[in-house]
Amino acid sequence: MITKIKPWLSAFRLRTLPLSISGIIIGSCFAYYNGKFDAYIMTFAILLTVALQILSNLANDYGDGIRGTDNESRIGPKRAIQSGEITPEEMFEGIKLNILVVIVLTVGLIFTSFGSKYLLYAILFFFLSGFSIYAAINYTIGSSPYGYKGLGDVFVFIFFGILSVVGSYFLYTKSIDHHVWLPAISVGLLSMGVLNLNNMRDIESDRLAEKETLAVKLGKSKAKAYHITLIVLTIVVSIVFSILYFSSPWNFLFYLAFIPLLIHINVVIKVTNPKDFDPQLKVLALTTFLFSILLGIGYVL
């Protein structure tokens, strides 16, 4: 079993985890700003989000592995099933175990946030957790995976942006306030950018495997233009937010994240070899994490 630890950690794709909790950080900071923060809720929310992200990564590895999408023509890091270090059967068992972990964490989060006082809210979040499990699995698994139809960007925007920020804020406050929507949109757009960057890197191998991601549908030049549009929109939306909801100069702290974002745009524009998109994946994911921390801290200080 010890020899399997490294392949499983690789399959978890640890570098994707900071991105997954970016929205939770913003929602939690805004809850703190409004005097509604609870450390237990934040802990459960982060653990559940990480578990869902790992579930998505394992399911992606399994789905693309058994379909043959992850093959020798793929540019990115070798996946667990592709490399043979984890068998499809072992991966499927790991997915089932992960679903159990998600269910346990969902129960813990809902009980901590709502107790027995908000039964309808509890039912709603059980439904959302179930939908999240479905979305994580059906990105590449099933007879009609939405990741093969160019719909991944939509789901990423919903789950990493809207649901992550607005949903986590609601767990604390039991309300949906207007000031959380623009930050949710910003994080959602950046998360779409990370996915699109991944798809631009794999555009040739995905096309050969008939995986119709949005990047494949758009083609190389339009996918690059789409990517730049996402980053520019993020900057515009977040600037509008900082002006509309100004409360102190600290609110502009997240502007520091614009520096790596602008550098990132410049690099992406110049890329001609798809493999050169891979280093930018980590850059954009970590910049999104930084953006979220700085934006949240700007309203906590």
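Colleague: Which residues make the nonpolar surface patch, and how big is its area?

Modeller: Leu97, Leu100, Val101, Ile103, Val107 and Phe126 make it, and the area is about 540 Å². Before we go on: this is a predicted model, where local features need pLDDT of at least 70, side-chain atom pairs count only at pLDDT 80 or more, and totals for chains, interfaces and linings use all residues. Residues are numbered from 1 along each chain as its sequence is written, and side-chain values use heavy atoms, with hydrogens and water left out.

Colleague: What makes a residue such as Ile103 count as partly exposed?

Modeller: Buried means under 20% relative accessible area, exposed means over 50%, and partly exposed is in between (1.4 Å probe, protein chains only). The areas themselves come from the Shrake-Rupley method with a 1.4 Å probe, and for residues only the protein chains shown count as cover. Ile103 has 42%, so partly exposed is the right label. As for the patch, residues qualify with over 30% relative accessible area and no salt bridge; nonpolar side chains (Val, Leu, Ile, Met, Phe, Trp, Tyr) are joined within 5 Å, while like charges are joined within 9 Å.

Colleague: Which helix gives the most to the nonpolar patch?

Modeller: That's α6, residues 88–114, with five residues. Ile103 sits in this helix. Helices here are DSSP runs (H or I, at least four residues), as strands are (E, at least two), numbered from the N terminus.

Colleague: How many salt bridges does a search of the whole structure find?

Modeller: Seven. To get that name, a side-chain nitrogen of Lys or Arg has to be within 4 Å of a carboxyl oxygen of Asp or Glu.

Colleague: Why is the pairing of Asp278 and Arg15 called a salt bridge?

Modeller: Their N to O distance is 3.6 Å, and the cut-off is 4 Å, so the pair passes. Asp278 is in helix α14 (residues 278–300) and Arg15 is in the loop between α1 (5–12) and α2 (17–20), which puts the partners 263 residues apart. Asp278 has 19% relative accessibility, so it counts as buried. Arg15, at 37%, is partly exposed.

Colleague: How do you know that Glu204 and Arg207 are separated by about one helical turn?

Modeller: They are three residues apart in helix α10 (residues 203–208), and that's why we can say so. Their closest N and O atoms are 3.3 Å apart, in a salt bridge. Glu204 is partly exposed at 35%, and Arg207 is partly exposed at 36%. Elsewhere, shared partners in salt bridges join Arg15, Arg201, Asp202 and Asp278 into one network. Within it, Asp202 and Arg201 meet at 2.9 Å, N to O, and both of them are buried.

Colleague: What about Asp206: what is its nearest side chain of opposite charge, and how far away is that?

Modeller: Lys211, at 4.6 Å. The limit for a salt bridge is 4 Å, so this pair misses out. Lys and Arg count as positive and Asp and Glu as negative, while His and the chain ends are not counted. Asp206 is buried all the same, and it lies in helix α10. Leaving aside residues up to four places away in sequence, Asp206 touches Thr69, Asn199, Lys211, Thr213 and Val216; a contact means heavy atoms within 4.5 Å.

Colleague: What makes a set of residues a nonpolar core?

Modeller: Its members are buried Ala, Val, Leu, Ile, Met, Phe, Trp, Tyr and Cys residues, joined through side-chain atoms within 4.5 Å. The largest one here has 72 residues, and Phe30, Leu55, Met91, Ile95 and Phe291 have the most contacts inside it. Helix α4 (residues 39–67) gives the most to this core, with 10 residues. A second, separate core has 13 residues, including Phe155 and Tyr226.

Colleague: What stands out about phi in Lys174?

Modeller: Phi of Lys174 is near 60 degrees, a positive value in a residue other than glycine. Most residues other than glycine have a negative phi. Lys174 is in the loop between α8 (152–173) and α9 (181–201), and at 18% it counts as buried. Glu210 also has a positive phi, near 60 degrees, and lies in the loop between α10 and α11 (214–218).

Colleague: Is Glu210 buried or exposed?

Modeller: Its relative accessibility is 64%, so Glu210 counts as exposed.
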